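Colleague: I'm new to this one, so could you walk me through it?
Modeller: Happy to. Let's get it on screen and start with one residue.

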Amino acid sequence: MNKSIPILTPLRGIAAICVAFFHARLVIFPQWKDTLIEYTHFLENSYLWVDLFFILSGFVIMHVYQNTFFKGINFYNWSKFIGLRFSRIYPLFLATLLVLVAWETFKYMANIGFYGGALFDGWGMSGIPAFHGPFNRGDALIPNIMMLQGVLEKDLSWNISSWSLSVEWLSYMVFPFLVPVLMQKKVSLVIPVLFIISLVAINSHHGSLDITGGVLAYLRALSSFALGTWMCTITLSEKTKERINSDMLLLVIFLMCIYALHLPALPFNDVFIIMAFALLVFISAQQQQRNTVIFKLFENKVTQFLGDISYSLYLWHAVILLVGIEIINLLFPQQLVLWHLQTSWISAIVGGFFYMAVVLVISTFSYYYLEKPAMRGLRQFFQRSKMITQ
């Protein structure tokens, strides 16, 4: 089962862009935040696109690796799997972390305090000394290097997007042990019920699923991840596959997700959104290549490219926001004040296009010249090390 699955990669691109604007609304576009809420809660709820990443990862990894662990788990196949995942996520994560550390070191030497835009300024956070700011905290550096910040840190730290990598990394650890359970059909039915209950419990305890640190953050990730792995084990009849392979069904479910994100944060609406995301992933995975207009809207060269660079986009957008706003404040403080006084929608649209253009350029460069080469190099290193050991 190693063939690629249509649409799933483009969904990653869509999710990454939505998360990028979710964070940007606080740093670059705070003056439109409250006004936009009067029309839609889409951006306010867009933190939930991270859960789509968890579901997608679970589904795709189960799709690729279920045969590896179905017959049994041993140290060799477990360590090989972990090595492959490590080489995929750690090099780029480390690169973004080092950029942030280098910038924070420069601020420390130049005695430059934290600046996060007008909203953070209004919260009284401007001027906090280097390595003591709301994110780039010195005491959070070691957990980040170990990629354990998602459970050891209660608050976001350094690359604010990377908390999800931490908890997803820990989900990889237990994935091989889930496979034998999920492949037993009678037992596997308990999995989705168990993890949906977990999401409801997190929501009841925290008030929402917007939790990014501690044990509950890991449970949030593992719940969506396990839901994705379980969906990959569902077998459908050929007749059912033909019925599901529908432009209208695909479009309706996608629009259902968009509409759910548009709604205010009602009780357990976020759990419903995750269930809608899970359905979107499952239905998308059943689609077959075809030349219809609706299918091509989802699966085309542009959306595929956005999906390919989505990991770079997801990590670099946070660096661009956190470092970029401070550089602009140092070099062009008056122009930045004027920008925060802009309230027209045309200014917001132009600013949004410019922001995304910068993110896409840097992410594209990162994907081709950092992410892919680093992954290949690390995997070759692991392979040589294994040969030497043997």
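Colleague: Which residues is Asn144 in contact with, leaving aside its neighbours within four places in sequence?
Modeller: This is a predicted model, and in it Asn144 contacts Phe93, Leu97, Gln149, Ser157, Trp158 and Ser162, once those sequence neighbours are set aside. Asn144 itself is part of helix H6, which covers residues 141–145.

Colleague: Is Asn144 buried or exposed?
Modeller: Asn144 counts as buried because its relative accessible area is 0%, and the limit for buried is under 20%.

Colleague: And what lies 2.7 Å from a polar atom of its side chain?
Modeller: That would be the backbone oxygen of Ala140.

Colleague: You mentioned Trp158 among those contacts. Where is Trp158 found?
Modeller: Trp158 is in the loop between helix H7 (149–152) and H8. Its relative accessibility is 0%, so Trp158 is buried.

Colleague: What about the phi of Trp158?
Modeller: Phi is positive there, about 50 degrees, although Trp158 is not a glycine. For background, most residues other than glycine have a negative phi. Phe131 is another non-glycine residue with a positive phi, near 70 degrees. You'll find Phe131 in the loop between helix H5 (118–122) and H6.

Colleague: What does Arg137 touch, not counting residues up to four places away in sequence?
Modeller: Arg137 touches Phe131, Glu153, Asp155, Leu156, Ser157 and Trp158 on that count. So both of the positive-phi residues we just discussed, Phe131 and Trp158, are on the list of contacts for Arg137.

Colleague: Where does Arg137 sit, and is it buried or exposed?
Modeller: Arg137 is placed in the loop between H5 and H6. It counts as buried because its relative accessibility is 14%.

Colleague: Which backbone oxygens lie by the side chain of Arg137?
Modeller: The backbone oxygen of Pro134 is 2.7 Å from a polar atom of that side chain. The side chain of Arg137 also reaches the backbone oxygen of Leu156, at 3.0 Å.

Colleague: Changing topic to aromatics. How many aromatic pairs does the structure hold?
Modeller: There are 33 aromatic pairs in the structure. Ring pairs also join Tyr65, Phe69, Phe81, Phe86, Tyr90, Phe93, Trp169, Tyr172, Phe175 and Phe225 into a cluster. Phe93 in that cluster is also one of the contacts of Asn144.

Colleague: Which residue lies over the face of Tyr172?
Modeller: Arg85 does, at 5.0 Å from the ring centre.

Colleague: And the nonpolar core, which members touch the most others?
Modeller: The largest nonpolar core has 115 residues, and Trp49, Phe59, Phe175, Phe277 and Tyr355 touch the most other members. Phe175 is in the aromatic cluster as well.

Colleague: Take Tyr355, then. What does it touch, not counting residues up to four places away in sequence?
Modeller: Tyr355 touches Ala20, Phe21, Ala24, Ile28, Phe29, His317 and Leu321.

Colleague: What about Met356, where is that found?
Modeller: Met356 is in helix H19, residues 345–389. It is buried because its relative accessibility is 10%. With residues up to four places away left out, Met356 touches Ile17, Ala20 and Phe21.

Colleague: How many residues apart in sequence are Met356 and Phe21?
Modeller: They are 335 residues apart in sequence, with their C-alpha atoms 8.6 Å apart in space.

Colleague: Back to H8. What does Leu170 contact, leaving aside neighbours within four places?
Modeller: Leu170 is in contact with Leu148, Val151 and Tyr218. Leu170 lies in helix H8, residues 163–182, and is buried because its relative accessible area is 17%. Leu170 and Tyr218 are 48 residues apart in sequence, and 7.8 Å apart from C-alpha to C-alpha.

Colleague: Last topic, cysteines. How many disulfides does a search of the whole structure find?
Modeller: The search finds zero disulfides.

Colleague: Why is there no bond for Cys18?
Modeller: The closest cysteine sulfur to that of Cys18 is in Cys257, and a bond is ruled out because 11 Å is too far. For a disulfide, the sulfur atoms would have to be within 2.5 Å. Cys18 is also buried, at 10% relative accessibility.

Colleague: And why is there no bond for Cys232?
Modeller: Its closest cysteine sulfur is also in Cys257, but the sulfur of Cys232 is 19 Å away, so that is too far for a bond. Cys232 counts as buried, with 10% relative accessibility.

Terms used:
Residues are numbered from 1 along each chain as its sequence is written. This is a predicted model: local features need pLDDT of at least 70, side-chain atom pairs count only at pLDDT 80 or more; totals for chains, interfaces and linings use all residues. Side-chain values use heavy atoms; hydrogens and water are left out. A nonpolar core is a set of buried Ala, Val, Leu, Ile, Met, Phe, Trp, Tyr and Cys residues joined through side-chain atoms within 4.5 Å. Buried means under 20% relative accessible area, exposed over 50%, partly exposed in between (1.4 Å probe, protein chains only). Contact means heavy atoms within 4.5 Å. Helices (H or I, at least four residues) and strands (E, at least two) are DSSP runs, numbered from the N terminus. A polar contact is a pair of N or O atoms within 3.5 Å; within protein, one must be able to donate a hydrogen and the other to accept it, and residues adjacent in sequence count only if both atoms are side-chain atoms. Rings of Phe, Tyr and Trp (its six-membered ring) pair if their centres lie within 6.5 Å; planes under 30 degrees apart count as stacked, over 60 as edge-to-face and the rest as tilted. A charge sits over a ring if NZ of Lys or CZ of Arg is within 6 Å of the ring centre and within 35 degrees of the ring normal.
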